[in-house]
Amino acid sequence: MATLADPATQFTRLPHPAPMAVDARGAVLADPGFGKAFTDHMVTIDWEEGKGWHSAVIGPRGPLSLDPAAAVLHYAQEIFEGLKAYRLADGSTALFRPDANARRFNASAQRLAMPALPEDLFIAAIKELVRADADWFPSVEGGSLYLRPFMIATEAFLGVRPAKTYSFIVIASPAGNYFKSGAPAVSIWVSDYTRAAPGGTGAAKCGGNYAASLVPTAEAFARGHDQVLFLDAAEHRWVEELGGMNLFFAFDDGRLITPPLGGTILPGITRDSLIALARDEGLSVSEEPYSLDAWRADAASGKLVEAFACGTAAVVTPVGKVADRNGDFVIGSGGPGQLTGKLKDRLVAIQRGTAPDPHGWVVPL
Ligand code: PLP
Ligand code: COI
């Protein structure tokens with residue numbers, strides 16, 4: 001099957017006829033928020049059965065042309081990734097663990113019956129885009145260029161089977177803080193809905209998982225919370241993850257717990273990085289089930305001192321309050337805790353090149 005042997009040299013580069021004016025771009029970059037603004041360019045690469053990946057193009061960002069019968073529009077055959085490019089202190093730019101995103105993308109592709117994308121092609125596409133949109137790094141503190149690679153089934157066919165044609169696309173969005181509230185700690189609502197069941201698609205980053213989370217998320221917002229928490233499907237007892245983040249719990253004896261990867265939660269790259277960094281600090285981290293009842297009891301007794309959410313978009317965000325139909329409870333002081341702050345600082349320092357990178361996570365551009 002044809003793959004692009006040397007992908008970096010195979011991109012067709014189409015000049016942009018009218019990139020955003022410098023002043024307008026400057027205004028966007030001064031207050032980017034999250035996911036609201038987009039850069040000038042995008043990458044597209046197509047796949048066809050019997051032909052493989054072909055026609056890699058970097059060109060002006062613009063609307064897609066899809067047949068109304070395209071499989072993605074009917075059966076949601078779609079996967080995506082989320083990663084960030086950072087401007088480092090010395091003015092250069094870098095990616096954080098893009099190889100891990102490439103691997104997870106292919107794990108998602110396999111679950112959604114989609115073709116694998118060579119990891120070097122995934123990374124080459126991202127590098128092309130960041131180079132083309134190098135003027136799009138936000139000027140705000142904590143800003144980055146959020147990259148959204150995704151794959152859609154494009155075949156016009158209404159029978160239910162894996163499609164025979166796909167497009168891989170990468171877009172970019174200047175990003176500031178994920179949480180609008182800017183609150184020092186977030187408040188979460190424990191949903192009655194289920195996100196993922198054993199044997200389902202919970203470990204895949206597919207759009208369908210997020211579609212199913214929108215009603216629970218809207219409910220959390222309507223009740224005044226920042227995020228939704230999902231429990232396990234079978235017993236509705238074990239903490240799984242938030243709508244778009246993994247969770248950690250810190251105890252007064254220095255232990256950290258995070259729910260185990262068992263096929264129903266997303267294997268977060270931030271989660272994996274924090275496990276490694278916490279162990280580097282000499283902390284004991286265990287991936288073990290933790291129930292909502294234990295969380296409530298441990299918060300009340302003071303045994304649980306901090307809880308935090310983590311993900312590419314949210315970085316590391318303290319969880320201050322948890323609510324369900326039975327009432328709410330506060331963790332620690334309800335504000336940011338010391339360990340959360342320390343782990344966040346360690347991670348961000350590596351991502352931004354202000355601290356050594358002992359695990360070799362940073363990929364210069
Ligand atoms: N869980 C869900 C459901 C997510 O959408 C995300 C975000 O990508 C995460 C966890 C965190 O994953 P990562 O750290 O790789 O961004
Ligand atoms: C990310 O953190 O990259 C995600 O995809 C989460 C999404 C909810 C914004």
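**Entry 1: the cavity**

I began with empty space, and the largest cavity holds about 110 Å³. I counted 1 cavity of 30 Å³ or more. The model is predicted.

I then looked up the lining. It has 13 residues, and Tyr 86, Phe 96, Thr 270, Thr 312 and Gln 351 are the closest to the cavity centre. By class I noted 6 nonpolar, 6 polar and 1 charged residues in the lining of the largest cavity.

Which elements each supply at least two residues of this lining? I found strand E5 (83–87), H7 and helix H9 (338–351). E5 gives the most, with 3 residues.

Why does the largest cavity lie between the domains? Domain 1 (11–175) and domain 2 (186–352) both give residues to its lining, so the cavity lies between them.

**Entry 2: ligand 1**

I moved to ligand 1 and found 17 residues around it. Tyr 210, Glu 241, Ile 269, Thr 270 and Thr 312 are the closest. I had already met Thr 270 and Thr 312 among the residues closest to the cavity centre.

I checked oxygen atoms of ligand 1 against side chains. For Tyr 210, an N or O atom of the side chain is 2.5 Å from a ligand 1 oxygen. For Thr 270, a polar side-chain atom also lies 2.5 Å from an oxygen of ligand 1. For Lys 205, the distance from a side-chain N or O atom to a ligand 1 oxygen is 2.8 Å. I looked up the cover next: ligand 1 alone exposes 390 Å², and the protein buries 96% of that.

Strand E11 (239–242), helix H7 (269–280) and strand E15 (304–311) each supply at least two residues of the ligand 1 shell. H7 also supplies at least two residues of the cavity lining. I sorted the ligand 1 shell by class and got 6 nonpolar, 7 polar and 4 charged residues.

**Entry 3: ligand 2**

Around ligand 2 I listed residues including Phe 34, Phe 80, Arg 148, Tyr 178, Gly 244 and Thr 312. Its shell draws at least three residues from each of domain 1 (11–175) and domain 2 (186–352). By class, I noted 5 nonpolar, 3 polar and 2 charged residues around ligand 2.

Which part of Ala 313 lies 2.8 Å from an oxygen atom of ligand 2, backbone or side chain? I found a backbone N or O atom there. Tyr 146 places a polar side-chain atom 2.7 Å from a ligand 2 oxygen. Lys 205 has a polar side-chain atom 2.8 Å from an oxygen of ligand 2. Ligand 2 has 280 Å² of accessible area on its own, and the protein covers 88% of it.

I closed on Lys 205: its side chain has an N or O atom 2.8 Å from an oxygen of ligand 1, and a polar atom 2.8 Å from an oxygen of ligand 2.

Definitions and conventions
Residues numbered from 1 in each chain as written. Chains lettered and ligands numbered in written order. Predicted model: local features only at pLDDT ≥ 70, side-chain atom pairs only at ≥ 80, totals over all residues. Heavy atoms only, no water. Near = heavy atom within 4 Å. Polar contact = N/O pair within 3.5 Å; in protein donor to acceptor, adjacent residues only side chain to side chain. Areas by Shrake-Rupley, 256 points an atom, 1.4 Å probe, with all protein chains shown as cover. Helix = DSSP H or I, 4+ residues; strand = E, 2+ residues; numbered from the N terminus. Nonpolar A, V, L, I, M, F, W, Y, C, P; charged D, E, K, R; others polar. 1 Å grid on protein atoms, 1.4 Å probe; cavity = no way out; pocket = protein on both sides within 12 Å on 5 of 7 lines; lining within 4 Å. Points joined across faces, edges and corners; volume = space filled by probe spheres on them. Domains from an automatic or database assignment.
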